[in-house]
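Take a walk through this fold, from its nonpolar interior out to a few chosen helices and side chains. Keep the coordinates open as you read.

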Amino acid sequence: MIHKDLVTLKQITAPILDDIKIFQQEFENALKSEVRLINSISKYMVRNRGKNIRPILTILSARLCGEPTLNSYRAAAMMELLHIATLIHDDVVDDATLRRGKPSINKVWKNKISVLMGDFILSKALINMIGIRDFDALEKISNTAEKLSAGEILQIEKSITKSMTEDVYFDMINQKTASLIATSCELGAITTTKKDQDRSATFKYGDNLGMAFQIKDDLFDLLGKESDTGKNSGTDVKKNMMTLPLIFSYANMTRLENRQLKKLMGLKNKTRKNLIDIRGMVSVAGGFDYARKKLDDFSNNALDAIAIYPNSPVKQSLSDLVAFNAYRVK
């Protein structure tokens, strides 16, 4: 079971501090450019980077299976580049003004440069992928890149056609969020032992953690405050995107409540009061409780996936990351 005595990310990364320094070098080398504006934007991005969860997962998974190789650090850098490129493009699509409490790149440099910067980082990921020269790793990374875009487009399509079901939702978040986290983990195994058992265990761990990660973000979207999350709150709700608490609520409301919620969700410019009303209706319908239960299920599945490994500081860090996600406040 996931535990509540939370450890910090600093404690989680303690067993791999030297590895993170090597990754950091690979990552910064991968971003270098002859163009001064690109370097300025890169510096801004690096300063305002997030928790590095994906590269941390690649390195921890590599250590769980064996000894990291140069390819492990390169793969970790690729995952972070892919992640950042999709975030930049997401912020443009969402008209986001905040990212981790600071103005988003599209807010500072406008959409045109943001899209081009996202493309630049994507191309850097492709160039650096070639340096890995490992067909299994290349296949995994390129399939993941395709899933990321497909998942985002599926979400937009379903919000337009109003046809999001729970099954489609899980398929969508598996593509747009879990695929990157699962691949980050599996690359740890691919770049060390290549054993099928290691690949399968790390993939399952990452896949389930990724699902739990997105459900947690969905809860933030409805419940979080901007000051806590460091990004625009209620973005998905404001754009009428269907998330798990809403999907469950619609399916478990009276026809009248359903109509009321649809009316609120359909409003173009939702006020703070509208968002509070939506939150109240979802809460009464059990949408938040259901999402939290699913978050726990996926979290426990992630822990089960690595149960085959002997206890070690690295395995402990992977377990702690599951709890860290379940109880994080941003």
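What follows covers the cores, two helices and two polar residues of a predicted model.

Start with the nonpolar interior. The largest nonpolar core holds 62 residues. Within this core, M45, L57, I121, Y205 and L321 have the most contacts. Helix α5, spanning residues 70-94, contributes the most, with 11 residues. In general, nonpolar side chains in soluble globular proteins tend to be buried together.

Now pick out I121. Setting aside residues up to four places away in sequence, I121 touches L31, M45, L81, I84, A85 and I88. A second core lies apart from the largest one and has 32 residues. F170, I173, A212 and L261 are among them.

Next comes helix α16, residues 313-327. How many residues does α16 have, and what is its reach from first C-alpha to last? The helix has 15 residues and reaches 21 Å, close to the 21 Å expected at 1.5 Å a residue. Of these 15 residues, 12 are buried, so α16 is largely enclosed by the rest of the structure. The buried set includes L318, L321 and F324. Polar and charged residues are listed there too, including K315, D320 and N325. Which helices do the buried residues of α16 pack against? They are α1 (9-13), α4 (53-65), α9 (196-223) and α15 (287-305). L321 links this helix to the earlier picture: it is buried in α16 and is one of the residues with the most contacts inside the largest core.

Helix α8 runs over residues 166-190 and has a kink of about 55°, centred on A178. This helix is mostly covered, with 20 of its 25 residues buried.

Turn now to a polar residue, D19. D19 sits in helix α2, residues 17-31. Is D19 buried or exposed? Its relative accessible area is 4%, under the 20% cut-off, so D19 counts as buried. What does its side chain meet? The side chains of D19 and R63 are joined by a polar contact of 2.8 Å. Leaving aside neighbours within four places in sequence, D19 is in contact with I59, R63, P68 and Y73.

N274 is the other polar residue to inspect. N274 belongs to helix α14, residues 272-284. Its relative accessibility is 12%, so N274 also counts as buried. Here the partner is a backbone atom: the N274 side chain reaches the backbone nitrogen of T271 at 2.8 Å. Not counting residues up to four places away in sequence, N274 touches L264, L267 and N269.

Conventions:
Residues numbered from 1 in each chain as written. Predicted model: local features only at pLDDT ≥ 70, side-chain atom pairs only at ≥ 80, totals over all residues. Heavy atoms only, no water. Core = buried A, V, L, I, M, F, W, Y, C linked by side-chain atoms within 4.5 Å. Buried < 20%, exposed > 50% of the residue type's maximum accessible area, 1.4 Å probe, protein only. Helix = DSSP H or I, 4+ residues; strand = E, 2+ residues; numbered from the N terminus. Contact = heavy atoms within 4.5 Å. Polar contact = N/O pair within 3.5 Å; in protein donor to acceptor, adjacent residues only side chain to side chain. Bend = angle between axes of the 7 residues up to and from the residue. Expected span 1.5 Å × (residues − 1).
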